[in-house]
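Colleague: I would like a close look at a single part of this model. Please take one residue as the starting point and work outwards from there.

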Amino acid sequence: MASAPLHGGELPGIVDQELADLIRPGLTPAQACVLAVASSPGVTDVLLAASSAPHWKEAADAVTQPALTAAKLREITGVLASP
């Protein structure tokens, strides 16, 4: 189980559009964060919180995306770990 507040968590504040596009082109930074959380190995359920109907739709659109592959998750981790 993972928790992913769409606009209330810390990740959307540190993910810019360039990183969001690396995760999945066309997603907002918040959606990219939700998709990354939902794609993490071992995560079978994600608890989402949204403050409005548009935010809920944005979150729902993110979790219905195909999961990121292990290779893509490694690529993202590599980019984040780079000095």
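Modeller: Start with Ser39. Setting aside residues up to four places away in sequence, Ser39 touches Ala67, Leu68 and Leu73. Keep in mind that this is a predicted model. Ser39 belongs to helix α3. Is Ser39 buried or exposed? Its relative accessibility is 10%, and buried means under 20%, so Ser39 counts as buried. The side chain of Ser39 also has a polar partner. One of its polar atoms lies 2.8 Å from the backbone oxygen of Leu35. Ser39 and Leu35 are both on the list of buried residues of α3. A general point about helices helps here. An α-helix has 3.6 residues a turn, so residues three or four places apart point the same way.

Now widen the view to the helix itself. Helix α3 covers residues 29–39. How many of the eleven residues of α3 are buried? Nine are, so α3 is largely enclosed by the rest of the structure. The buried ones are Pro29, Ala30, Gln31, Ala32, Cys33, Val34, Leu35, Val37 and Ser39.

Two of these lead to other parts of the chain. Take Cys33 first. Cys33 is touched by Val15, which also touches Ala20 and Pro29, again leaving out residues up to four places away in sequence. Val15 sits in the loop between α1 and α2. Val15 and Cys33 are 18 residues apart along the chain, yet their C-alpha atoms are separated by 7.7 Å. Val15 has 10% relative accessibility, so it counts as buried.

Next, take Val34. Its C-alpha atom is 9.7 Å from that of Glu58, and the two residues are 24 apart along the chain. Glu58 is part of helix α4, which spans residues 53–63. At 15% relative accessibility, Glu58 counts as buried too, because the cut-off is under 20%. The side chain of Glu58 makes a polar contact of 2.6 Å with the side chain of Thr28.

The helix also borders a pocket. The largest pocket has a volume of about 250 Å³. Which elements give two or more residues to its lining? They are α1 (11–14), α2 (17–23), α3 (29–39) and α5 (70–81). The full lining is Leu11, Ile14, Val15, Leu19, Ile23, Cys33, Ala36, Val37, Leu73, Ile76, Thr77 and Leu80. Val15 and Cys33, met above, are both among them. So is Leu73, one of the residues that Ser39 touches. Which helix gives the most? That is α5, with four residues. By class, the lining holds eleven nonpolar residues, one polar residue and no charged ones.

Finally, place this part in the whole chain. The chain has five helices and two strands. Along the sequence they run β-α-α-α-β-α-α. Of the 83 residues in the chain, 31% are buried. Look at contacts with a separation of 6 or more: residues 24 or more positions apart account for 67% of them. The chain exposes about 5000 Å², and 62% of that comes from carbon and sulfur atoms.

To recap, Ser39 is buried in helix α3. Nine of the eleven residues of that helix are buried. Helix α3 also helps to line the largest pocket.

Methods
Residues are numbered from 1 along each chain as its sequence is written. This is a predicted model: local features need pLDDT of at least 70, side-chain atom pairs count only at pLDDT 80 or more; totals for chains, interfaces and linings use all residues. Side-chain values use heavy atoms; hydrogens and water are left out. Buried means under 20% relative accessible area, exposed over 50%, partly exposed in between (1.4 Å probe, protein chains only). Contact means heavy atoms within 4.5 Å. Accessible areas come from the Shrake-Rupley method with a 1.4 Å probe; for residues, only the protein chains shown count as cover. On a 1 Å grid over the protein atoms alone, a cavity is a set of points where a 1.4 Å probe fits but cannot get out, and a pocket is an open set with protein on both sides within 12 Å along at least five of seven lines; lining residues have an atom within 4 Å of a point. Grid points are joined across faces, edges and corners, and a volume is the space filled by probe spheres set on the points. Ala, Val, Leu, Ile, Met, Phe, Trp, Tyr, Cys and Pro count as nonpolar, Asp, Glu, Lys and Arg as charged, and the others, Gly among them, as polar. A polar contact is a pair of N or O atoms within 3.5 Å; within protein, one must be able to donate a hydrogen and the other to accept it, and residues adjacent in sequence count only if both atoms are side-chain atoms.
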